[in-house]
Amino acid sequence: MPSNDGINSEEANVAGWEATQGAVIGALKWGSVAVILGAVGYLKSPVYRTTTIQFKVFLQSSAMVGGGIIEADRRLRAWEAEVRRRKRYLRDRAKWERYEEEMMKQFEK
């Protein structure tokens, strides 16, 4: 008998891994952009050069966390849409098969 425990279901585990992959990819993408912008800021801006190392780390980590959140959310929403599409297909296919069975029974009479 299938479990109704949504937190420990296989579907929830796959969703968690999908969000984790999105978070890592987003942190890498946005972190690399922040490094490039930081280097440009260091070369071009005297204001950026005079900021403390703590503030520069804060800017870098903020970009990485924000990117991780945005990408994880995007990947999770895409995965949920795919799951809904698959479930809708299976539901429609079952409905069509029941319809075909009813029609075959009517024609046999």
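**A walk through three helices**

Let's start inside helix 1, where the buried residues are Ala 15, Glu 18, Ala 19, Gly 22, Gly 26, Ala 27, Gly 31, Ala 34, Gly 38 and Gly 41. Keep in mind that this is a predicted model. What do those buried residues of helix 1 pack against? Their partners are helix 2, residues 46-50, and helix 3. Helix 1 itself covers residues 10-44, which makes 35 residues. From its first C-alpha to its last, helix 1 reaches 51 Å, close to the 51 Å expected at 1.5 Å a residue.

Now zoom out to the whole protein. There are three helices and zero strands, so to speak an α-α-α run when you read the elements from the N terminus on. The C-alpha trace spans about 90 × 30 × 15 Å along its principal axes. Set that beside the radius of gyration: the protein has 25 Å, while a compact globule of 109 residues would be near 13 Å. Buried residues make up 18% of the 109 residues. As for contacts with a separation of 6 or more, 74% of them are between residues 24 or more positions apart. On the outside, the protein exposes about 8,900 Å², with carbon and sulfur atoms supplying 64% of it.

Helix 3 runs over residues 53-108, and Phe 55 is a good place to step onto it. Phe 55 is partly exposed, with a relative accessible area of 39%. Together with Phe 58 and Leu 59, Phe 55 makes a nonpolar surface patch of about 280 Å².

Further along helix 3 you come to Glu 71. Is Glu 71 buried or exposed? With a relative accessible area of 8%, Glu 71 is buried, because the cut-off for buried is under 20%. Leaving aside residues up to four places away in sequence, Glu 71 touches Gly 22, Gly 26 and Lys 29. Two of these names should ring a bell: Gly 22 and Gly 26 are among the buried residues of helix 1.

Glu 71 also has a charged partner in its own helix. Its side chain meets that of Arg 74 in a salt bridge, at 2.6 Å from N to O. Why can these two reach each other along the helix? They are three residues apart in helix 3, so about one helical turn separates them. An α-helix has 3.6 residues a turn, so residues three or four places apart point the same way. Side chains of opposite charge can then pair when their charged atoms come close. The two ends of this bridge sit in contrasting settings: Glu 71 counts as buried at 8% relative accessibility, whereas Arg 74 counts as partly exposed at 42%.

Moving on along helix 3, look at Glu 82, which is partly exposed with a relative accessible area of 29%. The side chain of Glu 82 meets Arg 85 in a salt bridge at 2.5 Å, N to O. Glu 82 and Arg 85 are three residues apart, so again about one helical turn lies between them. Arg 85 counts as partly exposed, at 41% relative accessibility. Glu 82 also forms a salt bridge with Arg 86, this time at 3.5 Å from N to O. Arg 86 and Glu 82 are four residues apart in helix 3, about one turn of the helix, and Arg 86 is partly exposed at 43%. Elsewhere, salt bridges that share partners join Lys 29, Glu 71 and Arg 74 into one network. Across the whole structure, a search finds eight salt bridges.

Definitions and conventions: Residues numbered from 1 in each chain as written. Predicted model: local features only at pLDDT ≥ 70, side-chain atom pairs only at ≥ 80, totals over all residues. Heavy atoms only, no water. Patch = residues over 30% accessible without salt bridge, like charges linked within 9 Å, V, L, I, M, F, W, Y side chains within 5 Å. Areas by Shrake-Rupley, 256 points an atom, 1.4 Å probe, with all protein chains shown as cover. Salt bridge = Lys/Arg side-chain N within 4 Å of Asp/Glu carboxyl O. Buried < 20%, exposed > 50% of the residue type's maximum accessible area, 1.4 Å probe, protein only. Expected span 1.5 Å × (residues − 1). Contact = heavy atoms within 4.5 Å. Rg over C-alpha atoms; globule rule 2.2 N^0.38 Å.
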